[in-house]
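Me: I am in my first year and would like to learn how to read a protein model carefully, one question after another. Could you go through this one with me?

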Amino acid sequence: VSKQVLEQVLSELQPLCTSEQQFLQEFFWLGCESVERQALEVRVSTVSSPGPLSSLAHPWEEATTQLLSEIFSCLEPELRAFLDICNKVHPLGCLQVLVTLSDSVFGTWGSSSASSSSFLHTLLGNVLLLAKSNFNKYVGTLCKEIEEAKAPSRTRGGILPCISRFQEFVAFSEEAFRTSRRRGELDKAQLRLASSVFSSINSLSSANLKVNTDMVMMENFHHIHKFLCQKNIPCLEDKKREAKQRSSEHMEKYVTTYLDQPLERLKHFFEGVKARLAQGVKAEEVSFQLAYSKQELRKVIEKYPGKEVKRALETLYRTIHKHLSPEEDLLPVVWQAMEQELIQQYREFEDLIQRCYAGAGIALDFTMEDLLSYFNSITMSN
């Protein structure tokens, strides 16, 4: 509503100031070339370098502007007061005012606004500076609130409030600037806010969360990336790519953290085998190491029959389901990543058995096909 009122005020000001300017010029003969004017031009031209006489400032223009300033002396204070009201009526009222005034001053609003009197142009320019200042103050306050916001205390993940505020700002501002060609201030504000949101998410790493930090960061960066893909805002392209990268990084960390659970002792055993190989122990001699003998490997393998592995995977699925928030629907993505990593881990175990325990007749109790069927069964049953 305030935007419509401001547009109406500006649309009525332009013809009012123009007609008043014409009256003053006609009544006081301010637009007439006088003998004094011509004499002034001759004197200046003889002193300065040759140039077009039209480059001289017209004294009558200054006189007109001065008269208009006295006649409309209350106009600027009233406009400034109206801007304050707009800011109080709506949290983002300062943004609507900025768009409307920018379009008016720079000619995109109203085809004749750019050719209005220098008085009106200067007046609106002054008010526009105030509108920019109000807008920057609002953005600064919002950035501070986002960066200082505390992580919500809850046992499940989810989208942080600061991201919702960022989305609200972007959606509202994009609609407000939809028909405007001048969006320099908006681009700077959106970049500034995006940086504050990223900073707020990063601060979660030091927060005392009841849920896995990597999972929360993964979900929130994923949400931002999805939102920015929908909006397709040029100035936020780098932030969109960064959000995608950060989401992938934290998913990898999350998967790595919980991947050990189903085959924890097996993984620990084979990490020791790899460490011996890295130290220069020959593959065929690893089994002669007391802690990594054939007997020790068989003992560890006995701890992981197929049924136990499937049960451990079911527990892992429930843990992931408990951590992830339903709103992002990332459970299938994370579960698939778990499957791929566990298959890679299984292949590594088999390769080490073939290299270091060849001919011993040792094999894991479950096959690759069994592992795939476990994952498929759990996915289908949920």
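What follows is a set of questions and replies about the structure shown above.

Reply: Before we begin, please note that this is a predicted model, in which local features need pLDDT of at least 70, side-chain atom pairs count only at pLDDT 80 or more, and totals for chains, interfaces and linings use all residues. Residues are numbered from 1 along each chain as its sequence is written, and side-chain values use heavy atoms, with hydrogens and water left out.

Me: How many helices and how many strands does the protein have?

Reply: Helices (H or I, at least four residues) and strands (E, at least two) are taken as DSSP runs and numbered from the N terminus. Counted in this way, the secondary structure comes to 15 helices and zero strands.

Me: What percentage of the 382 residues is buried?

Reply: A residue is called buried under 20% relative accessible area, exposed over 50%, and partly exposed in between, using a 1.4 Å probe and protein chains only. By that rule, the buried share of the 382 residues is 42%.

Me: Which residues of α13 are buried, and which are exposed on the other side?

Reply: The expected span of a helix is 1.5 Å times one less than its number of residues, and for the 18 residues of α13 this gives 26 Å, which agrees with the 26 Å between its end C-alpha atoms. Its buried residues are Gly306, Val309, Leu313, Leu316, Tyr317, Ile320 and His323. Seen down the axis, they fall within an arc of 125 degrees (taken from the directions from the helix axis to the C-beta atoms), so they line one face of α13. The exposed residues on the other side of α13 are Lys307, Arg318 and Lys322.

Me: Which helices do the buried residues of α13 pack against?

Reply: Packing is judged here by contact, which means heavy atoms within 4.5 Å. By this rule, the buried residues of α13 pack against α9, α10, α14 and α15.

Me: Over what arc do the buried residues of α4 spread?

Reply: Helix α4, residues 75-89, has 15 residues and reaches 21 Å from its first C-alpha to its last, close to the 21 Å expected. Its buried residues are Leu75, Leu79, Phe82, Leu83 and Cys86. They lie on the same side of α4, because the arc that they cover around the axis is only 105 degrees. A general rule helps here: an α-helix has 3.6 residues a turn, so residues three or four places apart point the same way.

Me: What kind of aromatic pair do phenylalanine 269 and phenylalanine 270 form?

Reply: Rings of Phe, Tyr and Trp (its six-membered ring) pair if their centres lie within 6.5 Å, and planes under 30 degrees apart count as stacked, over 60 as edge-to-face and the rest as tilted. The whole structure holds ten such pairs. For phenylalanine 269 and phenylalanine 270, the centres are 5.5 Å apart and the planes 85 degrees apart, and the pair is therefore edge-to-face.

Me: What kind of pair do tyrosine 346 and phenylalanine 366 form?

Reply: Tyrosine 346 is in helix α14 (residues 331-356), while phenylalanine 366 is in the loop between α14 and α15, 20 residues apart. Tyrosine 346 is buried, and phenylalanine 366 is buried as well. With 5.5 Å from centre to centre and 45 degrees between the planes, the pair is tilted.

Me: Is serine 293 buried or exposed?

Reply: Serine 293 is found in the loop between α11 (264-278) and α12 (294-302). Leaving aside neighbours within four places in sequence, serine 293 is in contact with Phe269, Ser287 and Tyr357. Because its relative accessibility is 10%, serine 293 counts as buried.

Me: Which residues does glutamine 289 contact, leaving aside its neighbours within four places in sequence?

Reply: Glutamine 289 is placed in the loop between α11 and α12, and with a relative accessible area of 27% it is partly exposed. Once neighbours within four places in sequence are left aside, the contacts of glutamine 289 are Arg276 and Val281.

Me: What is the phi of asparagine 232?

Reply: Most residues other than glycine have a negative phi, and most peptide bonds are trans. Asparagine 232 lies in the loop between α9 (213-231) and α10 (237-259), and it is exposed, with a relative accessible area of 53%. Its phi is positive although the residue is other than glycine, with a value near 55 degrees.
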